[in-house]
Amino acid sequence: MTVIALHLPDMIPQWWLDTLAEGLPECILKRWPKEIGDKSEVDYVITLKPEPNSLSDYPSLKAIFATSAGVDHFIEDNTLPVSIPLCRLTNPELSARMSEYVLLHVLRFHRHLAEYQNLQSEKKWSPIQQKAASDSTVGIMGLGALGLDAAQKLRTVGFKVHSWSQSQKHEEGIKSYFGDDQLSGFLNTSDYLVCFLPLTDKTRGILNRKTLAELPDGAIVINVGRGACLVETDIITALDDGKLAGAVLDVFGTEPLPAEHPFWKHPKVTVTPHVSTVTHPRMLGPYIRENIARIEGGQIPLNVIDRLNGY
Ligand code: NDP
């Protein structure tokens, strides 16, 4: 039997563990540290965020499976064994949940929801001129597992959609910008900018005074990637001076967002507590089973993190 060590927080509820176990019926799951005796019996580890140094002494470890899509916290841990593949979660439901969030907020601005709520509170019957979706362009920063799903759904609604990524993409109806040289062209025409970037050395602070200034006036920024991709003081300045019409922020440099942070009360900012999509334990079984089968069959597992690239 395959033995998997679970490096998961103590507060994870029993239903979560039971669902995970149902998805991995051919594996023995053991909680770390209390159920792990002989570490040489452990074949794999499932973890959200391992304690530093806690994975360095499993002599038979074949792979580490992250329960999340984002792995920046793993890359920062230099005690992780580099020779062992580190795999991250991708899952259609994870992407679909994220797309719901992005569609909700793009449409909220597109259909002037906040203005109509204000008008309603004043009992004013006052139609606002409505643009067609096809008059606006949504810029998807990071066309990976999550960004692509949202891009395709936004296109179905009728928005023009283009993307920016490290490598060139060839997705139907989605103009691809790629690399640093093409960032300005991408930003210049993004009425809505949705950031799906992972946090790496290259993307830290990428949304800053200079790049935000390249967006069309009145643009909306939605950040669902990582908080540190965005310079928080610069976005507040861009909102205050009218460059940006709004920001929807799900991720932050410090989480939970400190009570005194200006985002909480800013009239143009929507704050959500890192919930644009969440891992449900039923998402983990398929990706872990598939990867175990690949590793045991001598194949390369799916969604292995490139430790040099950082994602
Ligand atoms: P992927 O790895 O599938 O996609 C990442 C995309 O970012 C790729 O298109 C990649 O380009 C692009 N990219 C990375 N670095 C650069 C760069 N320097 N310049 C240009 N493009 C770059 O990741 P996912 O779509 O699965 O997830 C994206 C991120 O979303 C995660 O890393 C995580 O931080 C965040 N996340 C947030 C959640 C939330 O609840 N808010 C939940 C889950 C994830 P290329 O395709 O060319 O490699």
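Which glycine follows α8, and what is the sign of its phi? Keep that in mind; the tour ends there. One thing to know before you start clicking: this is a predicted model.

**Stop 1: the whole chain**

Show everything as a cartoon. You should be able to pick out nine helices and 12 strands. Turn the view along the principal axes, and the C-alpha atoms fill a box of roughly 70 × 40 × 35 Å. The chain has a radius of gyration of 21 Å, which agrees with the value near 19 Å for a compact globule, because that is what 311 residues would give.

Now switch on the surface. About 15700 Å² of the chain is accessible, and 53% of that belongs to carbon and sulfur atoms. Of the 311 residues, 49% count as buried. If you like drawing contacts, try those with a separation of 6 or more: residues 24 or more positions apart account for 61% of them.

**Stop 2: the ligand**

Select the ligand and the residues around it. The shell holds 28 residues, and Arg88, Ala145, Ser167, Lys169 and Tyr311 come nearest. Colour the shell by residue type and it divides into 12 nonpolar, 11 polar and five charged.

Next, pick out some polar atoms, starting with leucine 143. Here a backbone N or O atom lies 3.0 Å from an oxygen atom of the ligand. Move on to aspartate 250, where an N or O atom of the side chain is 3.0 Å from a nitrogen atom of the ligand. Then select serine 276: an N or O atom in its side chain is 2.9 Å from a ligand nitrogen. How much of the ligand does the protein cover? On its own the ligand has 940 Å² of accessible area, and the protein covers 92% of it. To see which elements give two or more residues to the shell, highlight α5 (145-157) and β7 (160-165).

**Stop 3: from α5 across to α3**

Stay with helix α5 and select aspartate 149, which lies in it. Is aspartate 149 buried or exposed? Its relative accessible area is 18%, and buried means under 20%, so aspartate 149 counts as buried. Show its side chain together with that of lysine 153, and you'll find a polar contact of 2.8 Å joining the two. Leave out residues up to four places away in sequence, and aspartate 149 touches Ser95, Ala96 and Ser99.

Follow that last one. Serine 99 sits in helix α3 (residues 92-110), and it is buried too, with a relative accessible area of 1%. What does serine 99 contact, leaving aside its neighbours within four places in sequence? Look for Asp149, Ala150 and Lys153. Zoom in on alanine 150 and check its backbone nitrogen, which lies 3.2 Å from a polar atom of the serine 99 side chain.

**Stop 4: α8 and the glycine after it**

Finally, select helix α8, residues 232-240. Show the side chains of its buried residues: Asp234, Ile235, Ile236, Ala238 and Leu239. Then bring back the surroundings. Among what covers these buried residues are α7 (209-213), β10 (219-223), β11 (244-249) and β12 (269-271).

Now step past the end of the helix to settle the opening question. The residue to click is glycine 242, which follows α8 and has a positive phi, near 85°.

Methods:
Residues numbered from 1 in each chain as written. Predicted model: local features only at pLDDT ≥ 70, side-chain atom pairs only at ≥ 80, totals over all residues. Heavy atoms only, no water. Near = heavy atom within 4 Å. Polar contact = N/O pair within 3.5 Å; in protein donor to acceptor, adjacent residues only side chain to side chain. Areas by Shrake-Rupley, 256 points an atom, 1.4 Å probe, with all protein chains shown as cover. Helix = DSSP H or I, 4+ residues; strand = E, 2+ residues; numbered from the N terminus. Nonpolar A, V, L, I, M, F, W, Y, C, P; charged D, E, K, R; others polar. Rg over C-alpha atoms; globule rule 2.2 N^0.38 Å. Buried < 20%, exposed > 50% of the residue type's maximum accessible area, 1.4 Å probe, protein only. Contact = heavy atoms within 4.5 Å.
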